[in-house]
Amino acid sequence: MGDIHQSAIVEDGARIGTGVRIGPYSVVERDVVLEDNVVVGSHVVLSGHTTIGAGTSIYPFAAIGGPPQDTSYKGEPTTVVVGQNCIIREHATVHRGTARGRGETRIGANCFLMISSHVAHDCDVGDRVVLVNNATLGGHVEIGEHAILSGLVAVQQHCRIGAHAFIGGLSGVNADVLPFASAIGERAELGGLNVVGLKRRGFDRPTIHALRAAYQAIFTGGGTRAERVERVAEKYPDVAPVMMMVEFIRKSGDRPLCSPRA
């Protein structure tokens, strides 16, 4: 058992790892698991079948594991899983999954959820994702690793945002966003590759050049989009990031794909 403030409420059945700290007036319900060295600030509510990964810090007034905002939910024992070493800032909210969805809302390791960000039911958020203040994910959204969503971004339910993508502030996302792409605008449109992010994460020049050429080939030239994607796959079979982009589009099927600005 860790350091638990006398005013905190920790229900019987909650599993508390070593080195855990729980601040004043926080509530930890009976089905919650706090792994080692989790830090829970004051006035935090952790509810439902929720697991918080080791080393994660949760700041005041965050609410993790609450019931989904979905009229189909009838109290089923669905879950939230938060990975290791995340930072969840003030007033952030994460809702548990639904029985008709994946049954679980998942946040990867080393994520940063800034003030008042929201992760809705059945979302799947990859490692090292950043949600800036007031970024909002609708239900069933998928976010790839290292993606960054700027302030006041709103992502429509069921949308997918690829790994290493960047979404500019105040954007509404209502279509899938390619890995490695940058999207901006009131209704998000692609503005090119997230070159700054790729350089910061150590992608070499040949890989960035291949990604840029693949991006251009996917959205320009003759034939259908599916045909252009297959030509890219044939040209760059050994460039793993390009193939990530190709597989993302293949998986999208008939779903709308965020396109470049006119």
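## The largest pocket

The largest pocket of this predicted model holds about 170 Å³ of space. A pocket here is an open set of points on a 1 Å grid over the protein atoms alone, with protein on both sides within 12 Å along at least five of seven lines; the volume is the space filled by probe spheres set on the points. Residues are numbered from 1 along each chain as its sequence is written. In this predicted model, local features need pLDDT of at least 70 and side-chain atom pairs count only at pLDDT 80 or more, while totals for chains, interfaces and linings use all residues; side-chain values use heavy atoms, without hydrogens and water.

Lining residues (an atom within 4 Å of a point) are E142, G144, R160, I161, G162, A163, P179, M244, E247, F248 and K251. Two or more of them come from each of β24 (160-161) and α4 (240-252), and α4 gives the most, with 4 residues.

## Helix α2

Turning to α2, this helix (a DSSP run of H or I, at least four residues) covers residues 205-219. Its 15 residues reach 22 Å from first C-alpha to last, close to the 21 Å expected at 1.5 Å a residue, where the expected span is 1.5 Å times one less than the number of residues.

Which residues of α2 are buried (under 20% relative accessible area, 1.4 Å probe, protein chains only)? They are T207, I208, A210, L211, A214, Y215, I218 and F219. These residues lie on the same side of α2 because they cover an arc of only 160° around the axis, taken from the directions to the C-beta atoms. On the other side, R205 and P206 are exposed, that is, over 50%.

## Neighbours of α2

The buried residues of α2 pack (heavy atoms within 4.5 Å) against β28 (189-193), α1 (195-200), α3 (225-235) and α4. Strands such as β28 are DSSP runs of E, at least two residues. Just after α2, G221 takes a positive phi of about 100°.

Methods
1 Å grid on protein atoms, 1.4 Å probe; cavity = no way out; pocket = protein on both sides within 12 Å on 5 of 7 lines; lining within 4 Å.
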